[in-house]
Amino acid sequence: MTRLELIKLIGDVLTKLDVLRGSLLPDAPDRLDLDRLRRQLDRGQLQLAQNQFDENTQKFQNATEQLEAVNKDLKKTLNDVGKVATTIANLKRFVKAVDDIIGAVAPFV
Amino acid sequence: MTNLKHKSGKDILTVLLLLTVLFQAGCGPSGFRDPITKFQSASSVVIASTRLYITELNKTERDHYIQSQLSQKAQIKLNEIESVQVFSKDGLKARLDALNQIGSYGDLLLKLANSDAPEKVKAEAKSLADEVKNLLSTVSGLTGNDDTAFKAAVGPVTSIVGVILDLVLQQKIKNALDKAIKNGKDPVNNLIAVIRNDISLAYERKRSSLSDMRTALVDEYNREMLKGSSADSEKLKMLAERISTHEDRWEAFASGNPGEGLDAMAKAHNALVKYAESSHKVTDLASLVDAMEAFAARAVSIGKAVQALRGT
């Protein structure tokens with residue numbers, strides 16, 4: 001996976017997550033968690049967009065493979081307002097996987 | 001049978017007439033004016049769209065940050081507003097200058113191939129050489145982490161374009177063309193690809209911001225709606241209209257990626273090089289005209305979509 005593909009993938013999750021958030025009322029019990037996770041993911045995407053790094057390292061490739069695996073699980077429920085609890089659990093894994101990628105490529109060159 | 005013969009003869013005559021018209025267009029300078037004009041105008045549209053798009057992007061990032069702090073009732077900090085910008089002012093200027101110069105270089109290449117008005121070509125080469133020097137100076141001052149690939153791609157282009165321009169100034173047109181064909185194509189395409197990559201990153205950030213704004217606007221409406229009978233009908237109407245306007249922009253956004261315009265620009269540049277390399281046959285000119293038509297059409301559709309995004 002390239003840096004641009006990674007940023008696109010995070011963008012796809014963000015846009016689907018926004019549809020989910022926007023399908024729930026602002027005071028729905030799960031909104032706080034979803035909003036917080038959205039902010040974390042957005043910060044991660046911005047950090048990856050603002051910094052160039054070597055995307056050919058084994059560490060980066062391994063970390064993005066982990067992310068792709070979590071993304072497969074996340075996609076199963078992200079569009080389903082009836083499965084928000086599972087989505088939140090997978091989103092937490094997804095955010096952690098993005099943080100791991102940032103950790104694998106930082107400090108930025 | 002007679003009819004068939006007659007029909008075949010008519011077809012051949014039509015083809016011959018068409019070939020004659022194309023051949024005449026291909027032999028005289030006037031035949032190239034249309035592709036030159038198309039390349040110039042399509043490049044201008046793509047560059048202007050890219051400029052507008054990136055300028056709007058920085059505004060979107062700022063607004064996104066402010067909206068996000070507002071929804072959390074959190075402190076707004078000026079240093080944080082500055083830190084969410086994707087490109088520095090200098091980084092942005094350097095990219096747009098580089099695109100302008102690729103556009104001018106493409107025009108020059110086409111005119112060299114056409115050997116149209118050598119004195120005019122020489123004057124244009126001089127002006128482009130000065131612009132290249134200025135770009136080098138701007139690029140050498142870039143220190144951002146996001147500028148590394150761009151800086152690396154600019155060097156080879158300015159170097160080869162400099163050599164080509166020197167040859168033009170010495171009126172060694174054939175040598176200049178040979179150099180451009182043999183050594184210019186890859187560095188120029190690489191630079192377009194690097195800028196395209198930067199623009200695609202910017203596109204993704206804008207997508208994220210616009211998407212978040214969709215939820216924020218729906219939330220504002222729903223908060224008012226939840227007040228039930230005490231909800232303000234006029235305010236609800238205004239909030240619904242804001243959702244509607246933003247959804248229109250969201251739809252336009254999908255077709256307004258200037259990166260696609262840059263892809264078309266790279267293809268048009270390849271067609272220019274191919275034409276310069278050819279022996280100016282009718283088919284070469286026809287391919288060039290087709291490539292410029294495709295570039296122009298893509299530029300127009302992107303230009304319209306980016307215009308629709310203004311103010312987001």
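Is Phe60(A) buried or exposed, and at what relative accessibility? In this predicted model, Phe60(A) has a relative accessibility of 0% and therefore counts as buried, since the limit for that class is under 20%. The residue belongs to helix H3 of chain A, which covers residues 58–77. Leaving aside its neighbours within four places in sequence, Phe60(A) is in contact with Met1(A), Thr2(A), Arg3(A) and Leu6(A), with Phe53(A), Asp54(A) and Glu55(A), and with Ile101(A) and Val105(A). Leu48(A), for its part, is separated from Phe60(A) by 12 residues in sequence and by 12 Å in space, taken from C-alpha to C-alpha.

One of these contacts is also a ring pair. Over all chains the count comes to three aromatic pairs. In the pair made by Phe53(A) and Phe60(A), the ring centres are 5.4 Å apart and the planes stand at 55°, so the arrangement is classed as tilted. Phe53(A) and Phe60(A) are both buried. Chain B offers a stacked pair, in which Trp250(B) and Phe253(B) lie 6.1 Å centre to centre with 15° between the planes. These two residues sit in helix H8 of chain B (residues 233–254), and because they are three residues apart there, about one helical turn separates them. Trp250(B) has a relative accessible area of 19% and is therefore buried, the limit being under 20%, while Phe253(B), at 2% relative accessibility, is buried as well. Together with Tyr203(B), the residues Trp250(B) and Phe253(B) make up one aromatic cluster.

From the rings we turn to the place where the two chains meet. The contact draws 28 residues from chain A and 32 residues from chain B, and about 2400 Å² is buried between the two chains, with 50% of that area on carbon and sulfur atoms. Between chain A and chain B there are 13 residue pairs in polar contact, counting those in which both residues are at pLDDT 80 or more. On the side of chain A that touches chain B, the elements giving two or more residues are helix H1 (3–22) and helix H2 (31–50) of chain A. Of these, H1(A) gives the most, with 12 residues. By residue class, that side of chain A divides into 11 nonpolar, seven polar and 10 charged residues.

Charged residues on the two chains also pair directly, and five salt bridges are found across the interface of chain A and chain B. One of them joins Arg38(A) to Asp212(B), whose closest N and O atoms are 3.6 Å apart. This pair crosses between chains, running from Asp212(B) in helix H7 of chain B (residues 173–225) to Arg38(A) in helix H2 of chain A. Asp212(B) is buried, with a relative accessible area of 12%, and Arg38(A) likewise counts as buried, at 2% relative accessibility.

Asp18(A), in helix H1 of chain A, belongs to the surroundings of this bridge, for it touches Arg38(A) and Asp212(B) as well as Ser208(B), Ser211(B) and Thr215(B), residues up to four places away in sequence not being counted. The side chains of Asp18(A) and Arg38(A) are joined by a polar contact of 2.7 Å, and Asp18(A) is itself buried, at 4% relative accessibility. A network of salt bridges links Asp18(A), Arg21(A), Arg31(A), Asp35(A), Arg38(A) and Asp42(A) with Arg205(B), Asp212(B) and Asp219(B).

Salt bridges are found within chain B too, and the count over all chains comes to 27. The side chains of Asp198(B) and Arg95(B) meet in one of them, at 2.6 Å from N to O. Asp198(B) lies in helix H7 of chain B and Arg95(B) in helix H4 (residues 89–114), so this pair ties together parts that are 103 residues apart in sequence. Both Asp198(B) and Arg95(B) are buried. Another salt bridge brings together the side chains of Arg298(B) and Glu260(B), at 2.2 Å from N to O. This pair links distant parts of the chain, with Arg298(B) in helix H10 (residues 282–308) and Glu260(B) in helix H9 (residues 258–277) of chain B, 38 residues apart. Arg298(B) is partly exposed, with a relative accessible area of 26%, and Glu260(B), at 31% relative accessibility, also counts as partly exposed.

Conventions
Residues numbered from 1 in each chain as written. Chains lettered and ligands numbered in written order. Predicted model: local features only at pLDDT ≥ 70, side-chain atom pairs only at ≥ 80, totals over all residues. Heavy atoms only, no water. Contact = heavy atoms within 4.5 Å. Buried area = accessible area lost by both parts, 1.4 Å probe. Salt bridge = Lys/Arg side-chain N within 4 Å of Asp/Glu carboxyl O. Polar contact = N/O pair within 3.5 Å; in protein donor to acceptor, adjacent residues only side chain to side chain. Helix = DSSP H or I, 4+ residues; strand = E, 2+ residues; numbered from the N terminus. Nonpolar A, V, L, I, M, F, W, Y, C, P; charged D, E, K, R; others polar. Phe/Tyr/Trp six-rings, centres within 6.5 Å; stacked < 30°, edge-to-face > 60°. Buried < 20%, exposed > 50% of the residue type's maximum accessible area, 1.4 Å probe, protein only.
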